[in-house]
Amino acid sequence: MKVDRTELTWWERLYLPTLLNGFKVTLRHFFSWKRSEVYGDKQKNYSAKTTMQYPEEKWDVPTGYRGAPYLVKDVDDKTKCVSCQLCEFVCPPRAIRITPPGDSGVVDREGAEKMPKEFEIDMLRCIYCGYCQEVCPEEAIYLLKDNAITGESREELVYDMKKLLALGGADKRAYDHHVQDGVSDGIKKWETKTREAREQPKFH
Amino acid sequence: MQTEPAVETVTVKVDGRAVEVPRTTPNWQGNPEPTTVLQACKHAGIEIPHYCYHPKLPVAGNCRMCLVHVAMPGRPGPDGKPPMSEDGTPKVFPMQLPYEPGTPRGVIGCATGIIPGMEIYASSPETREMREAVLESLLINHPLDCSICDQAGECKLQEYSVEHGQPESRFAEVKVHKPKAVDLGPRITLDAERCVMCTRCIRFTADVAGDDALGIVNRGSYNAISTYPGQPFDNNYTLNTVDICPVGALTSDDFRFQMRVWFLKETKSLCTGCGTGCNTVIGSRENKMYRYEPRRNNAVNSDWMCDAGRLDYKWIGREDRLTKLRGPKGDITWPSALQEISGHLANAAEGSVAVVTSARQTNEELFLLKKLAKRYKALTDAVPRKGEADHLLVAGDRNPNTTGAQLTGITTKRVGSRLAAIAKGIASGKITTLIVFGEDVTQHGIDATLLGTLKLLIVSDILPNATTKKANYLLPGCAHAEKRGTFTNVKGRVQKFTKAFEAPGDAMPEWEVLHELVHAVTGLDGFNSIEGLFNQMAGEVKAFKAAGLTWASLGDKGADVKL
């Protein structure tokens with residue numbers, strides 16, 4: 001394909017005026033007392049500065065930003081993941097590795113029969129696509145806003161279940177969301193099932 | 001070639017297409033019975049969804065999933081002619097409810113025999129509506145706990161829900177909750193909520209396994225599979241009910257929560273538990289085996305296998321597997337080990353070598369061992385392994401390849417009868433080199449002190465034992481799941497198995513090692529594939545030659561040889 005370039009006007013061909021125009025922009029920023037928009041509220045005390053003190057200060061990422069995937073706990077601080085391994089299956093770079101519990105596995109909440117023995121995410125492999133979050137039937141994994149994942153070795157960047165749960169924290173957000181939808185127990189479906197079963201007459 | 005006897009056929013219409021199908025089809029016991037609507041549709045290439053129907057079980061017709069709308073030809077009138085439509089073709093009458101004319105009536109495909117001229121509307125809107133209604137009713141009390149269900153991924157309820165299900169449940173009431181994780185027997189866990197009451201498990205255990213252990217208790221929504229109170233479900237065929245359970249109600253304790261089925265690679269293999277040689281499928285992921293499942297072979301095991309054989313795979317992944325190739329001076333590499341061994345063997349005198357092998361080695365390996373033994377006129381034998389046979393599958397001979405050992409000439413009709421002679425030969429100093437493949441000879445009359453008097457002890461095995469400890473050369477071998485080869489079962493059926501995953505460490509398929517040795521020692525022609533080796537063996541071993549075997553002709557289900 002041929003692209004036609006627009007001819008420069010005689011003013012532009014003079015060269016110096018456009019150069020000076022560039023200086024003008026730089027100088028305007030240099031002497032500007034206006035706060036830059038990208039800093040938002042964080043920059044209240046730094047009225048004139050345009051340099052951010054990274055990594056002490058961090059960007060406010062917009063809503064919907066896809067950062068590192070972490071495991072979240074339910075409102076009672078219990079593991080939500082049931083080790084269905086769908087995220088492991090769907091993960092395009094195969095960053096997720098789950099060790100299923102086996103028959104003698106332990107669970108830390110009532111009603112759920114299963115939770116992973118180990119859950120690892122290799123943050124070096126993760127591409128932040130968000131498929132794991134999308135596929136999770138238990139709303140147990142979320143891409144949170146962490147975006148600067150650093151470490152000193154490759155091994156250190158394979159996050160294990162303990163670390164992922166600690167980073168993810170309790171998932172108040174999904175809980176509220178379900179309460180808003182009229183589900184009185186939030187996402188605690190296994191507990192609800194167990195309670196329902198207990199309230200029914202026994203036939204065995 | 002023998003020509004097949006002509007099959008009597010019947011023409012029916014499936015979705016408007018005329019299909020010629022056999023008038024009768026073998027039932028679960030192999031006896032001819034009128035072909036059913038479901039089978040006719042299968043001939044036409046259309047799968048009718050079903051839960052309770054299973055080709056190897058009596059027909060129960062209770063899940064109603066296979067409902068189809070059909071039209072029957074009219075009965076002949078007084079003139080003896082069937083009613084005709086205006087265009088001169090026989091008239092058919094779509095079935096309708098007698099008390100509600102105009103409403104289509106379905107028949108269950110699994111138990112309705114076909115009639116000439118019948119029209120089956122396998123994909124009509126009426127049929128689809130019937131299926132959707134049945135499925136919706138089956139899902140009323142289903143817990144939908146697919147995320148923790150072992151059957152997810154191979155569940156008929158999931159599959160049919162995708163095809164015929166509703167996006168949302170219309171059931172507003174609270175579901176009936178039934179007992180979960182019920183310990184039905186030593187190897188089976190029942191989740192009563194997931195059950196669709198197809199009764200496949202009940203029919204299997206009563207009619208096939210011959211142990212009337214299961215039944216349905218309670219009524220209506222509270223229906224549940226149960227054993228007689230206090231009686232465990234513990235016959236040797238219980239795990240087949242897990243295979244035939246179309247949903248996740250019956251799960252295997254051994255496989256429970258171990259791995260999701262969609263990760264498993266399926267490899268056609270054989271069970272090595274006894275001389276029957278049940279056809280199996282190995283489910284493995286990343287060099288780890290997770291389960292055996294039976295594979296249909298009507299000449300051997302039908303659709304079943306015993307629990308003992310099914311659980312006999314844990315040794316493959318055992319921690320103490322032999323993974324290091326060892327020579328007299330410690331670790332060694334394969335090329336130098338093979339060179340040294342063939343150097344030793346080249347100087348061995350006739351009669352100074354003996355071979356003890358396992359009847360768990362493949363036909364090819366036994367054939368090569370026999371070749372090696374022939375060079376030295378060596379005594380060879382295998383080790384017998386006896387157990388009790390049962391009424392269904394388990395054979396008394398617990399070696400998977402005794403017949404192969406006999407056909408290749410490694411052993412005689414009386415397996416193990418030459419072991420005493422070998423022990424005597426070693427004691428007298430006549431035998432100075434012993435080659436052992438896959439057996440602990442200290443358990444069979446050649447004790448450790450006797451092994452100590454040998455000049456050269458070459459041992460190939462998979463797991464460590466007293467013999468491997470004494471070996472001058474220890475060659476780590478492969479489990480059947482890690483190599484290819486064939487076994488000959490007790491009835492003389494030669495069947496092949498394929499490689500599911502890689503062997504650990506230095507372990508190498510025994511036939512490859514033996515091939516190198518035989519080539520180096522006897523100078524016989526080389527062949528570098530299992531296919532070539534099998535075909536060479538089939539040309540030399542009398543029984544195999546008589547049956548005209550080739551690797552390709554074995555197929556997935558094997559071929560018979562005359563014993």
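Two strands pair if DSSP finds at least two bridges between them. Helices (H or I, at least four residues) and strands (E, at least two) are themselves DSSP runs, numbered from the N terminus. With that in hand, here is a walk through this predicted model, where local features need pLDDT of at least 70, side-chain atom pairs count only at pLDDT 80 or more, and totals for chains, interfaces and linings use all residues. For bookkeeping, residues are numbered from 1 along each chain as its sequence is written, chains are lettered from A and ligands numbered from 1 in the order in which they are written, and side-chain values use heavy atoms, with hydrogens and water left out.

**A strand with two faces**

Strand 2 of chain A runs antiparallel to strand 3 (residues 118-122) of chain A, and four bridges join them. One bridge partner to look up is A:Ile121, in strand 3, which sits opposite A:Ile96. Follow strand 2 (residues 96-99) and the side chains alternate: A:Ile96 and A:Ile98 point to one face and are buried, while A:Arg97 and A:Thr99 point to the other and are not. Here buried means under 20% relative accessible area, exposed over 50%, and partly exposed in between (1.4 Å probe, protein chains only).

**Where the chains meet**

How many residues does each chain bring to the contact? Chain A gives 24 residues and chain B gives 28, with contact taken as heavy atoms within 4.5 Å. The size of an interface is often given as the accessible area lost when the parts come together. Between chain A and chain B, the buried area (accessible area, 1.4 Å probe, lost on being put together and summed over both parts) is about 2,300 Å², and carbon and sulfur atoms give 55% of that.

There are also twelve residue pairs in polar contact between chain A and chain B, both residues being at pLDDT 80 or more. A polar contact is a pair of N or O atoms within 3.5 Å; within protein, one must be able to donate a hydrogen and the other to accept it, and residues adjacent in sequence count only if both atoms are side-chain atoms. On the chain A side, helix 3 (86-90) and helix 7 (189-199) each supply at least two residues. Helix 7 of chain A gives the most, with four residues.

**Salt bridges**

The rule for a salt bridge is a side-chain nitrogen of Lys or Arg within 4 Å of a carboxyl oxygen of Asp or Glu. Over all chains the structure holds 34 of them. A:Arg97 lies in strand 2 of chain A and B:Glu286 in the loop between strand 15 (279-285) and strand 16 (288-294) of chain B, so the pair joins two chains. Four salt bridges cross the interface of chain A and chain B.

Three pairs, with their N to O distances:

| Residue | Partner | Distance |
|---|---|---|
| A:Arg97 | B:Glu286 | 2.9 Å |
| B:Asp191 | B:Lys180 | 3.0 Å |
| B:Lys268 | B:Asp556 | 2.8 Å |

A:Arg97 is partly exposed at 35% relative accessible area, and B:Glu286 is exposed at 53%. In the second pair, B:Asp191 is buried at 3% relative accessibility, whereas B:Lys180 is partly exposed at 29%. The third pair links distant parts of the chain, with B:Lys268 in strand 14 (residues 265-270) and B:Asp556 288 residues apart. B:Lys268 is partly exposed at 38%, as is B:Asp556 at 39%. Finally, salt bridges that share partners join B:Asp145, B:Lys180, B:Asp191, B:Glu193 and B:Arg194 into one network.

Terms used. Buried area = accessible area lost by both parts, 1.4 Å probe.
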